[in-house]
Amino acid sequence: KSLNAKIVIVGCGISGIAAAHRLIKAGYRHVRILEATGRAGGRIKTSRLGDKVVEIGANWIHGPSEENPVFCLARQYGLLDPEALTSENQAVDIGGHPLWIPNFFSSSGRKLNPEDVSLALEIFADLLNQGSEFQNQKGEPFASVGEFIRSEVQTRQSQQNNAVVKEDEDPAVRSLRLCAISNMLKVECCVNGAHSMDEVGLGAFGQYKTLPGLDCTFPGGFEGLIQKLMSELPDDVVTYNRPVRRVHWNNAECGENPVTVECHDGEKMLADHVIVSVPLGYLKKECSSLFQPPLPLHKLHSIQRLGFGTNNKVFVEFDEPWWDADCEVIYLLWEDEQDAMVDQVSDVQKSWIKKLFGFTVLKPTERYGHVLCGWIAGHESEYMETLSELEVAHAITQLIRRFTGNPVITPRRVLRSRWFSDPWTCGSYSYLGKGCSEQDLDNMMEPLPPRGSKSQPLQVLFAGEATHPSYFSTVHGALLTGRREADRLISHYSSTSLSEVPKS
Ligand code: 6YU
């Protein structure tokens, strides 16, 4: 009966795929995915740098443990290294802040003593934890995480026991620690996918939840997971290169099917239900034309209020390492940033590269050789996308020469991502902006027509990472939203009387 419902899924990222999986497994016969591009996976995208596998999009399984559905699938499909499967690995609880072994370099070409800087990192981590505690408390002291951190660092400066820099210290060490705070703000911009931490809301910062487990990667590439999932779906489920232009809902003219999905090429498809799983960045740009009638105001407001910035990667390969053998992350400290505590550069065209906080080291070396992944968020990152590969390679080479003090060091290869220019993504992932609350995420996932309406229920459903109440911005969050919306339909039909069910 219900199994004849016509269901269209817009978008073939992990959330769309997870929804299709669930529905098809439950026996639904008319499930179709429409995907704008020529590939499945969306923001899960694996590529090559020479012969090395690199991730253009999602990198880690955040919190690989029993509760993480991405970890469970990857384990089931045999896609992980043995260490990631150990119970020790699953039990580590780092609260979202990986304990990587760092190397620090400064803009005057010096490799720094980690002990000189690490206090700043500890204080920063402590402030981030404090920042998460305003969740569900009225009256947070500042609107944004950035303002809170700057103010706390300044306040602590007057409290000797707590201060980032101590009175009797070498002035050079003191100023480096404050440079490290600026650097940490840039790191957090990447973690949150935000232009600046001044745009990330303090009141809802604790809304994001972590899972236990030491973050791990896919040795053969994250896209291997997509391939496995796709191989379990019927071949004709996805139509590629078929962008959707408009979803007409509450469509009385179409008889029994209340929704019509109109594609860019003019094709129209009738449906009982549509699951929209497009990225928030795309929704922000297109929400006024994507739905007819328009979305209810509260939903539109949440789409606008929630944040969706840009985080890009720059992969750089070297013949020889210039970092320590055990180093896992390299931080680049600009010595002119000791007074500023800023995470945005003032002249983007000239100084965009200053926003790149540093590099993570691809491990293990036997697999990756000497490959680094640079991270850059914000408008500076979007500006980088407008430059040619050659210009980016030149800027990266100059940067590394300056910080290592080695005037001839030259990368073998450079490859960068360009998520802002991707017309179907328009950025990287979502965060809770200033003034946001859990209510915004609830509004995001609320189906159409809204509760209380007399028209046919569940015409348009919403999935995708930006609709998960606590795991937004992640692959596991996205996957769970696809399952959630499929389950919403399945339980709707299991509780609906026969007369209300679409006929075949
Ligand atoms: C994770 C990680 N990771 C790095 C970078 C990026 C992301 N994420 P999709 O976009 O996949 O699918 C939608 C589809 O819709 C797509 O195919 C479109 O083409 C299509 N579409 C659009 N318009 C259409 C139309 N009109 N018609 C038809 N089709 C249309 N996540 O778990 N680990 O390491 C990273 C990272 C550079 C860009 C990531 C990571 C995010 C995930 O990639 C992302 O959430 C999911 O893949 C999204 O799946 P989806 O199905 O929703 O959309 C305190 C606090 C902190 C808060 N944050 C902390 C967590 C940090 C997040 N981590 C990120 C870090 C990295 C490095």
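This is a guided tour of a predicted model, stop by stop, with a suggestion of what to select each time.

**Stop 1: the ligand**

Start by selecting the ligand and the residues around it. There are 44 residues surrounding it, and the closest are G11, G13, S15, G42 and R43. Now colour the secondary structure elements that contribute two or more residues to this shell: α1 (14-25), α7 (171-192), β14 (311-318) and α16 (475-494). Which of the elements gives the most to the shell? It is α1, with three residues.

Try colouring the shell by residue type next. You should find 21 nonpolar residues, 19 polar ones and four charged ones.

Before leaving, colour the two domains. Domain 1 covers 2-43, 218-307 and 432-500, while domain 2 covers 97-209 and 311-416. Where does the ligand lie with respect to domain 1 and domain 2? Both domains give residues to the shell, so the ligand lies between them.

**Stop 2: α5 against α7**

Keep α7 from the ligand shell on display and add helix α5, residues 114-131. Two packed helices are described by the angle between their axes and the distance between the axes. Here the angle is about 40° and the axes are 8 Å apart. The helices α5 and α7 are therefore oblique to each other. Look at the handedness as well: the crossing of α5 and α7 is right-handed.

**Stop 3: the seven-stranded sheet**

Go back to β14, another contributor to the ligand shell, and bring up the sheet it belongs to. This open sheet has seven strands with mixed pairing, and the order is β6-β5-β15-β16-β17-β14-β18. At its edges are β6 (111-112) and β18 (413-416), each paired on one side only. Strands of a sheet pair through backbone hydrogen bonds, either parallel or antiparallel.

Walk across some of the pairs:

- β14 with β18: the pairing is antiparallel, over four bridges. Select V316 and you will find V414 of β18 opposite.
- β15 (residues 329-333) with β16: this pair is antiparallel too, over three bridges. V329 faces T360 in β16 as its opposite number.
- β16 with β17 (residues 370-377): four bridges join these antiparallel strands. Opposite V361 is L372 in β17.

**Stop 4: the four-stranded sheet**

Now select the strands β10, β9, β8 and β12, which form an open sheet in that order, with mixed pairing. The edge positions belong to β10 (268-271) and β12 (291-292); each has a single partner strand, so one side of each is left without a neighbour in the sheet.

Zoom in on β8 (residues 244-248) and β9 (residues 259-263), which run antiparallel and are joined by four bridges. Two facing pairs are good to label: R246 stands opposite E262 in β9, and H248 stands opposite T260 in β9.

Follow the chain from β8 towards β9 and stop in the loop between them, where N250 is placed. Most residues other than glycine have a negative phi, and most peptide bonds are trans. N250 has a positive phi of about 50°, although it is not a glycine.

Continue from β9 to β10. These strands pair in the antiparallel sense over four bridges, and V261 has M269 in β10 as its bridge partner. Four residues separate the strands of this hairpin, and G266 there has a positive phi near 95°.

**Stop 5: α9 against α10**

Select helix α9 (residues 280-290) and helix α10 (residues 297-305): their axes come within 9 Å and cross at roughly 125°. What term describes how α9 and α10 lie to each other? At that angle they are oblique, because the roughly perpendicular range ends at 115 degrees and roughly antiparallel begins over 145. The crossing of α9 with α10 is left-handed.

**Stop 6: two cis peptide bonds**

Finish with a pair of prolines. First select K363 and P364, joined by a cis peptide bond with omega of about 0°. P364 sits in the loop between β16 (358-361) and α12 (365-368), so to speak just along the chain from β16 of Stop 3.

Then move to L448 and P449, where the peptide bond is also cis, with omega near -5°. P449 belongs to the loop between α15 (438-445) and β20 (460-462).

Key
Residues are numbered from 1 along each chain as its sequence is written. This is a predicted model: local features need pLDDT of at least 70, side-chain atom pairs count only at pLDDT 80 or more; totals for chains, interfaces and linings use all residues. Two strands pair if DSSP finds at least two bridges between them. A residue is near a molecule or strand if its C-beta atom, placed from the backbone, lies within 6 Å of it. Ala, Val, Leu, Ile, Met, Phe, Trp, Tyr, Cys and Pro count as nonpolar, Asp, Glu, Lys and Arg as charged, and the others, Gly among them, as polar. Domain bounds come from an automatic or database domain assignment. Axes are lines fitted to C-alpha atoms, for helices over the stretch in contact, and angles run from 0 to 180 degrees between N-to-C directions. Angles under 35 degrees count as roughly parallel, over 145 as roughly antiparallel, 65 to 115 as roughly perpendicular and the rest as oblique. A crossing is left-handed if the near helix is turned anticlockwise from the far one by less than a right angle, and right-handed if clockwise.
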